[in-house]
Amino acid sequence: MTDYSIWEVFKNGNKVLRGTVGTVEQEYEPTTAEEKQDRRNEMKARATLLMTLPNKDQLKFYLYQDAKLLMEAIEKRYGGNKESKKVQRILLKQQCENFAALSSETIDQTFNRLQKLISQLEIQGEVISQEDMNLKLLRSLPSEWKTHALIWRNKVEIGTISLDDLYNNLKIYESKLTGSSSTSQNSQNVAFVSNNTNNTNSTNKADN
């Protein structure tokens, strides 16, 4: 669900390295770093798909050397299957339960990921209450949002306000939090410079 290099293989097919020797086309070993990475992605994509299969079906699909063709064959065999839908629903519910903002994310990116996850769950027939959606977003925010998140969690309208409106209200605080962070960093820099200046003056006096 998160390894995009593998999804690229599923989507665009394997980058099989082929060359012609005489009149015969055959595979050759990768030499550049990019070619080696492509080969690793191909092997990982195929292995990932094979590991998802029940043991009794492994041999049926093992002959597919192309990960994209293997993916298509699996979708054809299991697509629409009640059991596969059940597994997908369980995985999505687990992702929702463990949802949290990534350290490198902006609030926009966190909101978009959550919104997409909720949409996927709704497609699977899972109903999520408005309050649960809102609390999921608030609880997933980084520590610098703690005060604002706590205020919103205690508001009466937390169970009725839409996720979009909650997000828009949180966006109002974003510039203030960013400004506070910058101010804190600048204060540290000033303190560092001041400390260095004092140390330099003390050293000069000692030398004199």
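A polar contact is a pair of N or O atoms within 3.5 Å; within protein, one must be able to donate a hydrogen and the other to accept it, and residues adjacent in sequence count only if both atoms are side-chain atoms. N134 offers a case: a polar atom of its side chain lies 2.7 Å from the backbone oxygen of I158.

This is a predicted model, in which local features need pLDDT of at least 70, side-chain atom pairs count only at pLDDT 80 or more, and totals for chains, interfaces and linings use all residues. Residues are numbered from 1 along each chain as its sequence is written, and side-chain values use heavy atoms, with hydrogens and water left out.

Two residues sit in helices (DSSP runs of H or I, at least four residues, numbered from the N terminus). Their burial follows the relative accessible area: buried is under 20%, exposed over 50%, partly exposed in between (1.4 Å probe, protein chains only).

| Residue | Helix | Relative accessible area | Class |
|---|---|---|---|
| N134 | α7 (residues 130-140) | 0% | buried |
| Q115 | α6 (residues 107-123) | 30% | partly exposed |

Contact means heavy atoms within 4.5 Å. Leaving aside neighbours within four places in sequence, N134 is in contact with I158, I161, S162, L163 and L166. Q115 and M133 are 18 residues apart along the chain, and their C-alpha atoms are separated by 8.9 Å.
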